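Please walk through this protein with the sequence and the 3D view side by side. The text moves from one site to the next.

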Amino acid sequence: MSHVAEAACPPLALIHHPGYRIALPEKHPFPMDKFSVLKRLLDRQLADCARAVEWVMPQPAEEEDLLSVHTRRYVHEFLSGTLSHQAQRRSGFVWSEALRERSVLAVGGTLTTVREALTRGLACNTAGGTHHAHPEAASGYCLLNDIGVAAHQALEDGVTRVLIVDLDVHQGDGTALIFADEPRVFTLSLHAESNFPARKQKSDLDVPLPKGMGDEDYLAVLERTLEAVLTRVQPELVIFDAGVDPHAADRLGHLELSDRGLYRRERHVIERCRAAGAAVACVIGGGYDRDIEALAWRHSQLHRAALDVWREAHGQPALFGPPD
Ligand SMILES: [Zn+2]
């Protein structure tokens, strides 16, 4: 790679903090190690092209950021460790100071991802997508709604049209609720109808999908839906929740996507949204496989697809492409 060619393609911003991962009690069902394994995998995959990306380390979110989408009572109870047993059970975690620090840091990561995306055009977090967190409560492994906080910050910074593309296999119920009465934020959720949460909220557009749907049918629905929404919303910013739990091997998802299908999905969303003139901020969302290496690899396709789109947009060849 010549020096001139490198100068023509600025590095892609990837956001990571070692504090994304904390130790959980043994046999806890949440795959917390995926955050550190994802970073290690990306470092290995990018070893020959380290200058193609720039790692950005986030700061924790401020209490005021959290209050932009959560109730004062919930923020107080979460930060002070006074959540009821019932509230902790609904969250999927036993509260700890480490969990608090990790959660606030992950929100800071998505805030940084959105800021970097608005400055550079595209950026990817290595965490984030805790879309079940409601204004007044945690839910389903989601303590703080990072997507909501970051979208709210973009509005404060003067962005007037935000599109949230939530492709996690579970409905983005918390985010839908947060922005139910906010015309500047359009929430789109494609999810398996039969999955958690049992009680769905109303996104601006919900696309419930039948159990067992595979790559071709899924991608056809996505492509059709995304085109219509991009035309309608004309977003300045897209926040993309690229949860990999629609994968066939995921233990919580009810869809049957392959690795190749997920790569094509990530690439399509980023490419189309960029072509429509939007800055794109990506978060990794859900993924629940007991094989942490396989799970982290699945998540890493988001960053590889983003880098491929980024390089091609700057006249450089893609480095990865879809898996075999
Ligand atoms: Zn999910």
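Leaving aside its neighbours within four places in sequence, which residues is Thr113 in contact with? They are Ile15, Ala123, Cys124, Asn125, Ala281 and Cys282. The model is a predicted one. Thr113 belongs to helix 6, and its relative accessible area is 0%, so Thr113 is buried.

Helix 6 covers residues 97–120 and packs on helix 7, residues 146–156, at an angle of about 40° with the axes 9 Å apart. An angle of about 40° is neither under 35 degrees nor in the 65 to 115 range; the two helices are therefore oblique to each other. The crossing of helix 6 over helix 7 is right-handed. On the helix 6 side, the contact is made by Ala106, Val107, Thr110, Leu111, Val114, Arg115 and Leu118. Helix 7 contributes Asp146, Val149, Ala150, Gln153 and Ala154.

Asp146 of helix 7 also appears in the surroundings of Gly129. Gly129 sits in the loop between strand 3 and helix 7 and counts as buried because its relative accessibility is 6%, under the 20% limit. Apart from neighbours within four places in sequence, Gly129 is in contact with Asp146, Ile147, Asp241, Val283 and Gly285. The C-alpha atoms of Gly129 and Asn145 are 7.5 Å apart, with 16 residues separating the two in sequence. The same loop, between strand 3 (122–125) and helix 7, holds Tyr141. Tyr141 is not a glycine, yet its phi is positive, about 65°.

One contact of Gly129 leads to another part of the sequence. Asp241 and Gly129 are 112 residues apart in sequence, but 5.7 Å apart in space, C-alpha to C-alpha. Asp241 is placed in strand 7 and is buried, since its relative accessible area is 0%. Not counting residues up to four places away in sequence, Asp241 touches Gly129, His131, Ile147, Val165, Asp166, Leu167, Asp168, Val283, Ile284 and Gly285.

Asp168, one of the residues touched by Asp241, takes us to the metal site. Which protein donors does the zinc ion have? Asp168 is listed with two OD donors, His170 gives ND1 and Asp245 gives OD, and these donors lie 1.9 to 2.7 Å from the ion. The donor residues follow the spacing D-x1-H-x74-D in sequence. Asp168 lies in the loop between strand 4 (162–166) and helix 8 (173–178), and Asp245 in the loop between strand 7 (237–241) and helix 10 (259–275), so the pair ties together parts that are 77 residues apart in sequence. Asp168 and Asp245 are both buried.

Why is the arrangement around the zinc ion irregular? The 4 donor atoms subtend angles of 53 to 154°, whereas a tetrahedral assignment needs all angles between 85 and 135 degrees. For reference, the ideal angle for four tetrahedral donors is 109.5 degrees.

Val169 is found in the loop between strand 4 and helix 8. With a relative accessible area of 1%, Val169 is buried. Beyond four places in sequence, Val169 touches His191, Ala192, Asn195, Asp245, Pro246, Gly253, His254 and Leu255; Asp245 is also one of the zinc donors. Val169 and Asn195 are 26 residues apart in sequence, and their C-alpha atoms are 7.4 Å apart.

Next comes a cis peptide bond, running from Phe196 to Pro197 with omega near -5°. Pro197 is in the loop between strand 5 (185–192) and strand 6 (205–209).

Helix 9 and helix 10 form a second helix pair to look at, packing at an angle of about 10° with their axes 11 Å apart. The two are therefore roughly parallel to each other. Helix 9 meets helix 10 through Asp215, Glu216, Tyr218, Leu219, Leu222, Glu223, Leu226, Glu227 and Leu230. The residues met in helix 10 are Gly261, Arg264, Arg265, His268, Val269, Arg272 and Cys273.

Is Gln234 buried or exposed? Gln234 counts as exposed because its relative accessibility is 52%. This residue lies in the loop between helix 9 (215–233) and strand 7. Gln234 has a positive phi, near 45°, in a residue other than glycine.

Key: Residues are numbered from 1 along each chain as its sequence is written. This is a predicted model: local features need pLDDT of at least 70, side-chain atom pairs count only at pLDDT 80 or more; totals for chains, interfaces and linings use all residues. Side-chain values use heavy atoms; hydrogens and water are left out. Donors are N, O and S atoms within 2.8 Å of the metal (3.2 Å for Na, K and Ca); water is not among the atoms, so sites may look incomplete. Four donors count as tetrahedral if all angles lie between 85 and 135 degrees; four count as square planar and six as octahedral if opposite donors are over 155 degrees apart and all others between 65 and 115; anything else is irregular. Helices (H or I, at least four residues) and strands (E, at least two) are DSSP runs, numbered from the N terminus. Buried means under 20% relative accessible area, exposed over 50%, partly exposed in between (1.4 Å probe, protein chains only). Axes are lines fitted to C-alpha atoms, for helices over the stretch in contact, and angles run from 0 to 180 degrees between N-to-C directions. Angles under 35 degrees count as roughly parallel, over 145 as roughly antiparallel, 65 to 115 as roughly perpendicular and the rest as oblique. A crossing is left-handed if the near helix is turned anticlockwise from the far one by less than a right angle, and right-handed if clockwise. Contact means heavy atoms within 4.5 Å.
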